[in-house]
Amino acid sequence: IDGQLTQLAQTGTRPIDGGTVRTYASHDADPYLVEVSLLDGERGSESSAFSGVITVSRHDVSSEVTFKGDCGV
């Protein structure tokens, strides 16, 4: 985050239509909050496709980036 390596702790998960939302917080005194929306894509024999949005927020300011990729199973 902001060019720095930041350790996160998962704080929760919840189902959404077509996927899952995972929430995280940094270990800082004034933590960053991170939300990852994972939408399920096609499953292969050894991998699964995902797409979604990663949102990072702190002090009522947020930034988001979309992503798309595969994960081995």
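User: Before we turn to Ser-26, what does contact mean here?

Analyst: Contact means that heavy atoms lie within 4.5 Å. Leaving aside neighbours within four places in sequence, Ser-26 is in contact with Thr-6, Gln-7, Leu-8, Pro-31 and Tyr-32. This is a predicted model, in which local features need pLDDT of at least 70, side-chain atom pairs count only at pLDDT 80 or more, and totals for chains, interfaces and linings use all residues. Residues are numbered from 1 along each chain as its sequence is written, and side-chain values use heavy atoms, with hydrogens and water left out.

User: Why is Ser-26 called buried?

Analyst: Buried means under 20% relative accessible area, exposed over 50%, and partly exposed in between, with a 1.4 Å probe and protein chains only. Ser-26 has 7% relative accessibility, and therefore counts as buried.

User: What makes the link between the side chains of Ser-26 and Asp-28 a polar contact?

Analyst: A polar contact is a pair of N or O atoms within 3.5 Å, where, within protein, one must be able to donate a hydrogen and the other to accept it, and residues adjacent in sequence count only if both atoms are side-chain atoms. The side chains of Ser-26 and Asp-28 are joined by such a contact at 2.8 Å, and the side chain of Ser-26 also reaches the backbone nitrogen of Tyr-32 at 2.8 Å.

User: How do you know whether Arg-43 is buried or exposed?

Analyst: The relative accessibility of Arg-43 is 66%, so this residue counts as exposed.

User: Why does His-59 count as buried or exposed?

Analyst: His-59 has a relative accessible area of 58%, and is therefore exposed.
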